[in-house]
Amino acid sequence: MAAARVLLLLSGRPESVSFAQSVCGLLGARSGLGPWPMHCSLKQGRLVLSARPFPGASFRLPLQRPPFCPFAALDQQPWASGAELPTNRGVDLGVAVILQSSDQTVLLTRRTRTLSISPNLWVPPGGHVELDEETAYPPRLSWGLPKYHHIILYLLVISQESQQQLQARIQPNPSEVSALMWLRPDVAAAVAATEDGTETPRHLPQDLPPLCSAVELEDGGARPLALPMSTLLRTTPSTAESKERVSTGTKFALRLWLQHLGSVTALPCASGAHVDPGPAKEERNMDPLPSNQGSGK
């Protein structure tokens, strides 16, 4: 079994988490939607989380999971965590970058439909790291038992270059990315308001554009894509589907980004961008976002 990359301080010393356990639940986040501020450190590719301060903790990280988190459901249904769940894996760590241009737009990429994990999902650029929202795939227990369990660490990178300048230098991997787009704050706010798993209807702005401009990648080239706003406002379905939509964790990160705009002074980087520590989410999908932002599952 590979070395654990997500550790929890539960009894005074770091402990690994088994695949079927909810990180949020173990840290005491058992009710409500969160986010729950957790103390954390990130050293040598390992993320250490605790509900209480501990020596070496560098900041507080908001952690969140969706109300339909399959690992929270497994906590209530121990009979379901039999031999079908992996026994030789723990919780892994992923990273996603919220890239903000100088004209205050953020980059999202669409995962190709041929990927076995989260196909057709709009997410920030990122991936698995050897070294936060808590995330799972499949995302609901009604889709089947989870096969992947990650903490996704969301990092906010504030560039001094415009959207056009950044896009001219982006070289997405066509085997993983089929399209990309830049979200304005008003569109990001509408997407973030469509929170998955809640019963309360959200009132969306009436002046949203019916279409959003994107770029589709095909045959080694790129072409303009007019994406219906309704696609971005979809929520996670209750049954297994690969419909195009924005991931739950991405909505969480967008809410944090909107809170961040105009409220936090970023730390300068040698590259000409600014990197702010940010949130995490328990799910599949640098430093974390600031303490007033969060992580999710």
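Trainee: In this predicted model, in which loop does Ser101 lie?

Mentor: Two strands frame the position of Ser101: strand 6 covers 92-100, and strand 7 covers 106-111. Ser101 therefore belongs to neither strand, given the buried residue's place in the chain. The element asked for is the loop between strand 6 and strand 7.

Trainee: Is Ser101 buried or exposed?

Mentor: A residue counts as buried under 20% relative accessible area and as exposed over 50%. Ser101 falls under the lower cut-off, so Ser101 is buried, with a relative accessible area of 1%.

Trainee: With which side chain does the side chain of Ser101 make a polar contact?

Mentor: A polar contact requires a pair of N or O atoms within 3.5 Å. The side chain of Ser101 meets this limit at 2.4 Å. Ser101 also touches residues beyond four places away in sequence, among them Ser159, Gln163 and Trp182. The partner in the polar contact is Asp103.

Trainee: What is the relative accessible area of Gln104, and is Gln104 buried or partly exposed?

Mentor: Gln104 is also placed in the loop between strand 6 and strand 7. Its phi is positive, at about 60 degrees, although Gln104 is not a glycine. Partly exposed covers the range between 20% and 50%, so Gln104 is partly exposed, with a relative accessible area of 37%.

Trainee: What is the phi of Asn120?

Mentor: Asn120 is found in the loop between strand 7 and strand 8 (121-123). Asn120 counts as buried because its relative accessibility is 12%. Although Asn120 is not a glycine, its phi is positive, at about 65 degrees.

Trainee: How many Å apart are Leu47 and Arg5 in space, C-alpha to C-alpha?

Mentor: Leu47 lies in strand 4, which spans residues 46-50, and Leu47 is buried, with a relative accessible area of 1%. In sequence, Leu47 and Arg5 are 42 residues apart. In space, their C-alpha to C-alpha separation is 6.1 Å.

Trainee: Which peptide bond is cis, with omega near -5 degrees?

Mentor: The bond leads into Pro138, a residue found in the loop between strand 10 (133-137) and strand 11 (148-159). The cis peptide bond runs from Tyr137 to Pro138.

Trainee: In which strand is confidence lowest?

Mentor: The protein averages a pLDDT of 81, and 78% of the residues score at least 70. Confidence is highest in strand 7, at 97. Over residues 265-275, by contrast, pLDDT stays under 50. The lowest mean, 38, belongs to strand 16 (residues 267-268).

Conventions:
Residues are numbered from 1 along each chain as its sequence is written. This is a predicted model: local features need pLDDT of at least 70, side-chain atom pairs count only at pLDDT 80 or more; totals for chains, interfaces and linings use all residues. Side-chain values use heavy atoms; hydrogens and water are left out. Helices (H or I, at least four residues) and strands (E, at least two) are DSSP runs, numbered from the N terminus. Buried means under 20% relative accessible area, exposed over 50%, partly exposed in between (1.4 Å probe, protein chains only). A polar contact is a pair of N or O atoms within 3.5 Å; within protein, one must be able to donate a hydrogen and the other to accept it, and residues adjacent in sequence count only if both atoms are side-chain atoms. Contact means heavy atoms within 4.5 Å. pLDDT is the predictor's confidence in each residue, from 0 to 100.
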